[in-house]
Amino acid sequence: HVDALRHMLEAQRIEPGYCEPTYWIGVIQLGQGDLQSGVTELEQSLSCKYVAREALQALNKVYAALRTAHAPDPLPLARWGAVLARPEVGRVAEACDALETAALAMVQTRDVGSAIHALHACEKALQTDGTPDQHLGDHVTAEVRLQLLFCHTNRRSILMAMGQYGQGPYAKQALYTYMTAVQTQGPHCRMGHSQIVENLRTPAAERQAAPSLSDGQPSVHMQLVHMFQAQDADDPWLQREWGECMALYGRTVEAATHFAVSGLLLRATVAEGAGAAGKDKKLTTLVNGRLLDTVGVAVEAAGALQRAAELAVLAGATTPTAGLVPCELQALAVQLLTMAFETGPGNALADVDGLKFALRQLATSTDAAAALVGGDHAVVVRCSQALQDIVGAGGEQHTPIMTTMFA
């Protein structure tokens, strides 16, 4: 080893432009136990097209061994991610998966500085439209990079809040904001960066029905949702989002369960609002504020319950919870009408459009649920008809406010 190292150093001195000796110097230094010097030389040799592939393979083995030996230290994973993010390597999706996972571990120990460094490496890689060596990585188009950057940027705020304030209210609010962005603009963010790229490159006809959870560790999105859900199992929004994740990966039975739990928790929230409606003396404030919010929650509850029924059917499994969907939807309508009636016709009309929309959405959802859910057909029909009667679609009983709203 000593003679070989001397010869390579001499070759490098004689012809500085000859890049291959850098790789061999790194290999020899690793063999001598000089890990830091060997890794530095191997990383430098990544810019040498003649040995870049071998250098990357050697570095992969080194960092894999370090991750095993120093688990759960996230630093080796972050350094490996930085290697993958180098312009000459260009494996940006794998790089950001590694860097975000490392950053998540770092903020949990309040190592904010290292987390910021890791996240910056990912962001820089996504913003750099490099051309990697054909043997090292695939070129990711600018359009795909923008999709990955959307996910990364929106998750970054959660990680920074966790690093500064821990897994408390500030971080949870950041998670809610992120989940809203995912739900409305970026459902692909539920997957890891590598899965997103693979999914976009695979023709639609050749894609699997659902990505696999067995391909490595869960995405950072799933890790975040799971962490906060474990902290608060009664959070309906986290239950719903976990249901979305399970549905994405083809676990329809689990997804149906989480959507059903979300719907039941949201309906309980509506019940609390309905109970407070008749007791609150500030009726105008209630209608213009809390009632609007409660109507929105009711629609979300209806959507979650209906989704639970649909997924149960897709899975070929009818659960007791799914069988209750039409009756749960009926109960939502009763609660909303109770709120509207008890606050008085004059005040309730302030939200007439929103309340009318919510009730009709609930009736439509019940019809769909009745068609989807198996089990006791008599119960399904009875609950569905009762709701139609309540909203005035098939009955004669109307309170004054119902007559005004559904005239």
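Gln29 touches Asp34, Ser37, Gly38 and Glu41, leaving aside residues up to four places away in sequence. That is a good place to begin a walk through this structure, which is a predicted model.

**Around Gln29 and helix H2**

Gln29 sits in helix H2, which covers residues 20-31. Is Gln29 buried or exposed? With a relative accessible area of 13%, Gln29 is buried, because the cut-off for that word is under 20%. Other residues of H2 are buried as well, among them Pro21, Thr22, Tyr23, Ile25, Gly26 and Ile28.

The length of H2 can be checked with a little reasoning. The helix has 12 residues, and at 1.5 Å a residue they should span 16 Å. The end C-alpha atoms of H2 are 17 Å apart, which agrees. After H2 comes Gly33, whose phi is positive, near 90 degrees.

**How H6 and H7 pack**

Let us move along the chain to another pair of helices. Two packed helices are described by the angle between their axes and the distance between the axes. Here, helix H6 (residues 92-108) and helix H7 (residues 112-127) have axes that come within 8 Å and cross at roughly 160 degrees. Angles over 145 degrees count as roughly antiparallel, so H6 is roughly antiparallel to H7. The crossing in which H6 passes H7 is left-handed.

Which residues make the contact? From H6 come Val92, Cys96, Leu99, Glu100, Ala103, Met106 and Val107. From H7 come Ser114, Ala115, Ala118, Leu119, Ala121, Cys122, Ala125 and Leu126. By kind, the residues of this contact of H6 with H7 divide into 13 nonpolar, one polar and one charged.

**Backbone angles to look for**

Most residues other than glycine have a negative phi, and most peptide bonds are trans. With that in mind, here are some places to find in the model.

| Place | Backbone value |
|---|---|
| Gly33 | phi near 90 degrees |
| Ala71 and Pro72 | omega about 5 degrees |
| Arg110 | phi near 60 degrees |

The bond joining Ala71 and Pro72 is a cis peptide bond. Pro72 lies in the loop between helix H4 (52-69) and helix H5 (75-85).

Arg110 is a residue other than glycine, yet its phi is positive. You will find Arg110 in the loop between H6 and H7, the two helices whose axes come within 8 Å. Is Arg110 buried, exposed or partly exposed? Arg110 is partly exposed, because its relative accessible area is 47%, and that term covers values between 20% and 50%.

Terms used: Residues numbered from 1 in each chain as written. Predicted model: local features only at pLDDT ≥ 70, side-chain atom pairs only at ≥ 80, totals over all residues. Heavy atoms only, no water. Axes fitted to C-alpha atoms, helices over the stretch in contact; angles between N-to-C directions. Helix = DSSP H or I, 4+ residues; strand = E, 2+ residues; numbered from the N terminus. Parallel < 35°, antiparallel > 145°, perpendicular 65-115°, else oblique. Left-handed = near helix turned anticlockwise from the far one by under 90°. Contact = heavy atoms within 4.5 Å. Nonpolar A, V, L, I, M, F, W, Y, C, P; charged D, E, K, R; others polar. Buried < 20%, exposed > 50% of the residue type's maximum accessible area, 1.4 Å probe, protein only. Expected span 1.5 Å × (residues − 1).
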